[in-house]
Amino acid sequence: MMVTAVPVAPAGSAPAPPVAPAGSAPAFWAMPVWGDIVVALDGSPQSRGALAWAAGLASITKSRIRLVHALASPSTGIGGATRRVVRLHGRRLLRAARSELFALDPEISVDSILTDDAIASVLGALSHTADLIVIGGHASGAVRDVLFGRHATRIVDEATCPVLVWRAQDKDSLPRSPVVVGVDHSDSCSRAIDAAFWFADALEVPLTALHVGSPHRRPAAKDTELEQIRTLDWLRERVGAASAAHPAVDVHLHVLDSSAEHELRVASATAHLLVVGSSEHCTWAGPRPGPVERSLIHNSGGPVLLVR
């Protein structure tokens, strides 16, 4: 079952600067002034793409970008001379990233960190004062998941601020592609909705609110239409406060009975940005990614923002 509704924006409404929805929990999209965007660099094309994405956002928000490069752990057995070469390479990588940012926007404030500590631990510590962490998402696969996936999962687990995992998309699909937000009943989803509307408003693109129900829950034929209406009404109400705070955003509502993991992954391939909350709750550390979000960390078709 797929149900779609498209609330039409008021005629003649002019784009407005992004504003925070009333009652939003304190978060980067609810602040009048942004602080730091932390970008992890490893020299890969994915991390360069993440850097360019962060630069575009920093130009909008006037944020400082903090570049972080983690050297190989001393426990890997690298000798002193080799380690000096590795450190020199790390400095050159950070210097090149600074130059790239200056070329993109000379007004962006930048600082950099070269560390011997594990990247997940460093980013976790920085997340306490950062507004956003941006990392490159490596292609998934049995070997690649062992080498890179563990780092991405640990980074998302340890971070206390939102984390964006960047992946390349087909450039032809980007200019007017929507921001897509996965909608459920969780508290973190409420914050994800606020974030999605902020980005859609700032980027001047539409927003798609996607709710995926269970493919195994099939109402009787006579109740199907009523069930569809109730679900759409719930979804419209779920995003109502954020929609009212961002009247310039054209909102599309979609309801599907399918696999959430599959539908969100498909949506991410053509979305300007996919935004999801952390649906699995851990009492000692707050919300953490559930199985669907963990799958998207490794297999999304484009940039995905995970909101705690």
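Start your tour by selecting strand 7 and strand 10 (residues 273–277), which pair in the parallel sense over 3 bridges. Strands here are DSSP runs of E with at least two residues, helices are runs of H or I with at least four, and both are numbered from the N terminus. Two strands count as paired if DSSP finds at least two bridges between them. Click on V180 and you will find it opposite L274 in strand 10.

Before going on, note that this is a predicted model, where local features need pLDDT of at least 70 and side-chain atom pairs count only at pLDDT 80 or more, while totals for chains, interfaces and linings use all residues. Residues are numbered from 1 along each chain as its sequence is written, and side-chain values use heavy atoms, with hydrogens and water left out.

**Stop 1: around strand 7**

Stay with strand 7, residues 179–182. Are its two faces covered or not? Both are covered: V179 and V181 on one side, and V180 and G182 on the other, are all buried. Buried means under 20% relative accessible area, exposed means over 50%, and partly exposed lies in between (1.4 Å probe, protein chains only).

Now add strand 8 (residues 207–213), which pairs with strand 7 in the parallel sense over 4 bridges. In strand 8, look for T208, the bridge partner of V180. Show helix 5 as well, and you have a right-handed β-α-β unit made of strand 7, helix 5 and strand 8. To check the hand, turn the strands to point away from you: in a right-handed crossover, the path from the first strand over the helix to the second runs clockwise.

**Stop 2: strand 13 and its partners**

Next, select strand 13 (residues 304–307), where V304 and L306 point one way, L305 and V307 point the other way, and all are buried. Strand 10 and strand 13 run parallel and are joined by 4 bridges. Here L274 turns up again, standing opposite V304. Strand 6 (residues 163–166) runs antiparallel to strand 13, with 3 bridges between them. In that pairing, V163 stands opposite L306.

**Stop 3: helix 1 and the aromatic rings**

Move to helix 1, which has 17 residues. From its first C-alpha to its last it reaches 24 Å, close to the 24 Å expected at 1.5 Å a residue (the expected span is 1.5 Å times one less than the number of residues). Its buried residues include G49, L51, W53 and L57. Just after the helix comes K62, whose phi is positive, near 60°.

Keep W53 selected and show the aromatic side chains. A pair of aromatic rings is described by the distance of the centres and the angle of the planes. Rings of Phe, Tyr and Trp (its six-membered ring) pair if their centres lie within 6.5 Å; planes under 30 degrees apart count as stacked, over 60 as edge-to-face and the rest as tilted. How many aromatic pairs does this rule give? The count is 3. In one of them, the ring centres of W53 and F199 are 6.1 Å apart and the planes are at 40°, so the pair is tilted. Because W53 lies in helix 1 (residues 45–61) and F199 in helix 5 (residues 187–203), this pair ties together parts that are 146 residues apart in sequence. W53 is buried at 17% relative accessible area, and F199 is buried at 1%.

F199 also forms an edge-to-face pair with W198, at 5.3 Å centre to centre and 80° between the planes. W198 counts as buried, with 6% relative accessibility. Select W34 too, and you can view one aromatic cluster formed by W34, W53, W198 and F199.

**Stop 4: the nonpolar cores**

A nonpolar core is a set of buried Ala, Val, Leu, Ile, Met, Phe, Trp, Tyr and Cys residues joined through side-chain atoms within 4.5 Å. The largest one has 51 residues, and I37, L67 and V275 have the most contacts inside it. Helix 5 supplies the largest share of this core, with 10 residues. Zoom in on L67: leaving aside neighbours within four places in sequence, its contacts (heavy atoms within 4.5 Å) include V39, L51, L94 and I113. A second, separate core of 32 residues includes A130, I133, I135 and L296.

**Last stop: the whole chain**

Zoom out to the full chain, with its 9 helices and 13 strands. Of its 308 residues, 49% count as buried.
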